[in-house]
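Hi everyone, thanks for making the time today. I'd like to walk you through one structure, and you can follow along on the screen.

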Amino acid sequence: MRVDPFSVPLSSPLSTARGTISERSGFVVRYDHRGETGVGEATPLPGWTESVDACRRGLTDAAAVAEDAGHTDVLLSLDAASVPAARHGFATALLDADAKADGVPLYQWFDSERQCDRVPVNATVGDGSPSETADAVEQAVKAGYDCCKLKVGKRTVDKDIERIRTVRERVGDDVTLRADANGAWSRDQAEDAFDRLAPLDVAYVEQPLPADDLAGHAALRGNGVGVALDESLVDRRVDSVLDADAADVLILKPMVLGGPGNAHTLALRAREQGVEPVITTTIDAVVARLAALHVAAAIPDIGACGLATGDRLAADLATDPTTITDGAMSVPQTTGLGLDPAEVQPDA
Ligand SMILES: O=C(O)CCC(=O)c1ccccc1C(=O)O
Ligand SMILES: [Mg+2]
């Protein structure tokens, strides 16, 4: 197992109710398995995952385990609850090698019956003034997106409603709009916002309330605007969220959930219980974006996912093999993730 650090600034920082993401640091993980070198990425996002230091320690410990034990022991040494990003890094490298050894793209390793060439994606638009927000959405629509997710909750509810009304008037009724409050609203604010978002035909709001307020989220459901939970899945078992009937949609971030395999399993479990899964990145480099893309590609009839985040990075670990056209991302059909490990360069 080899672990190499990397750091990339964002050319387009993402402004949210919980601060601005302006740089991403993490580790590239390589692991030799079944005659193949698999590559993975651990890119922790403090608040969502362990810290960069804890991630480094997790991977260092895992590398020591790998010295004289097999991959099962390494996986067992990486706890999804305490070091999810580190576990994601190793688990992705292992899956990449497995899928390569089996001669299939990773999504077919999850489901050998599936053929999936494209996954629908949403454009992600950060906080900004009403006109800045409408400009960004208009630009995305011109680029072919038909689904946009807008960050809200950094301004007053009045201002956010004005932003979304401005967007709706600018781009018309055919564009699906989502919002993401990142837990910023009180129950009263959320109730007010949901009443005013319904006539603007907003499909769902991600995490309107703080992560712990499952009962509050359950009570918001049913006015036509869906409730999606994201932060509520950090530090909480997905089963407990499903049992609380608190969500129409679950936002599943492989980096937060301890790897692509965990995200895939939880997506299918959500589906079984009538809750729609949406797979998203944590604004990652290309290795982790591809891992998330393959998870989404493995799920039949998946809706638009939050995977279109690559163009925010000022540099990347390798050339991104995907293209986004007409609001959908192409899925590599070569083996594994679809990257040549020799072309993944942490220093690039
Ligand atoms: O879902 C998307 O469109 C992109 C991903 C995204 O918004 C995000 C990225 C990093 C951290 C948190 C979030 C979030 O969904 O709240
Ligand atoms: Mg979110």
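**Two aspartates, two domains and a core**

Let me start in a loop: aspartate 201 has 14 C-beta neighbours inside 10 Å, so this residue counts as partly exposed. Please keep in mind as we go that the model is predicted.

Where does aspartate 201 sit? The residue is in the loop between helix H7, residues 187-197, and E8. Its backbone deserves a look too, as phi of aspartate 201 is near 55 degrees, a positive value in a residue other than glycine. As background, most residues other than glycine have a negative phi.

Aspartate 245 also has a positive phi, near 50 degrees. This one belongs to the loop between helix H9 (238-243) and strand E10 (249-252). Buried or exposed, then, or in between, for aspartate 245? Aspartate 245 has 15 C-beta neighbours inside 10 Å, and therefore counts as partly exposed.

Now let's step from aspartate 201 into the strand that follows the loop. Strand E8 covers residues 202-206, and five of its five residues are buried, so we can call the strand mostly covered by the cut-off of 20 or more other C-beta atoms within 10 Å. E8 pairs with strand E7, residues 176-180, in the parallel sense, over three bridges. If you want one pair to click on, valine 202 in E8 is the bridge partner of leucine 177.

There is also an open sheet of three strands to look at, in the order E4-E13-E12, with antiparallel pairing. Strands E4 (118-120) and E12 (324-325) stand at the edges with a single partner strand each, so one side of each has no neighbour in the sheet. Between E4 and strand E13, residues 328-330, there are three bridges in the antiparallel sense. Within that pairing, proline 120 stands opposite alanine 328 in E13.

Let's zoom out to the domains. The domain assignment gives domain 1, residues 2-103, and domain 2, residues 118-342. Their C-alpha centres lie 22 Å apart. How many residues of each are in contact with the other? On the domain 1 side there are 36, and they meet 37 residues of domain 2. The elements giving two or more residues to the domain 1 side are strands E1 (2-16), E2 (19-33) and E3 (36-42), together with helix H3 (84-102). H3 gives the most to that side, with ten residues. By class, the domain 1 side has 17 nonpolar, twelve polar and seven charged residues.

What about the inside? The largest nonpolar core has 112 residues, and those touching the most other members are Val29, Phe90, Cys148, Ile279, Val287, Ala296 and Leu307. Helix H12, residues 286-297, gives the most to this core, with ten residues. Domain 1 and domain 2 each supply at least three residues to the core. For a closer view, try isoleucine 279: leaving out residues up to four places away in sequence, its contacts are Leu252, Ala263, Ala267, Ala292, Val295, Ala296, Cys305 and Leu307.

Last stop, the ligand. Which residues come nearest to ligand 1? Among the 16 around ligand 1, they are Thr124, Lys149, Thr280, Thr282 and Gly306. The shell is made up of four nonpolar, eight polar and four charged residues.

That's my tour, and I'm happy to rotate the view if anyone wants a second look.

Terms used: Residues are numbered from 1 along each chain as its sequence is written. Chains are lettered from A and ligands numbered from 1 in the order in which they are written. This is a predicted model: local features need pLDDT of at least 70, side-chain atom pairs count only at pLDDT 80 or more; totals for chains, interfaces and linings use all residues. A nonpolar core is a set of buried Ala, Val, Leu, Ile, Met, Phe, Trp, Tyr and Cys residues joined through C-beta atoms within 7 Å. A residue is buried if 20 or more other C-beta atoms lie within 10 Å of its own, exposed if 12 or fewer, and partly exposed in between; C-beta atoms are placed from the backbone. Helices (H or I, at least four residues) and strands (E, at least two) are DSSP runs, numbered from the N terminus. Domain bounds come from an automatic or database domain assignment. Two residues are in contact if their C-beta atoms, placed from the backbone, lie within 7 Å. A residue is near a molecule or strand if its C-beta atom, placed from the backbone, lies within 6 Å of it. Ala, Val, Leu, Ile, Met, Phe, Trp, Tyr, Cys and Pro count as nonpolar, Asp, Glu, Lys and Arg as charged, and the others, Gly among them, as polar. Two strands pair if DSSP finds at least two bridges between them.
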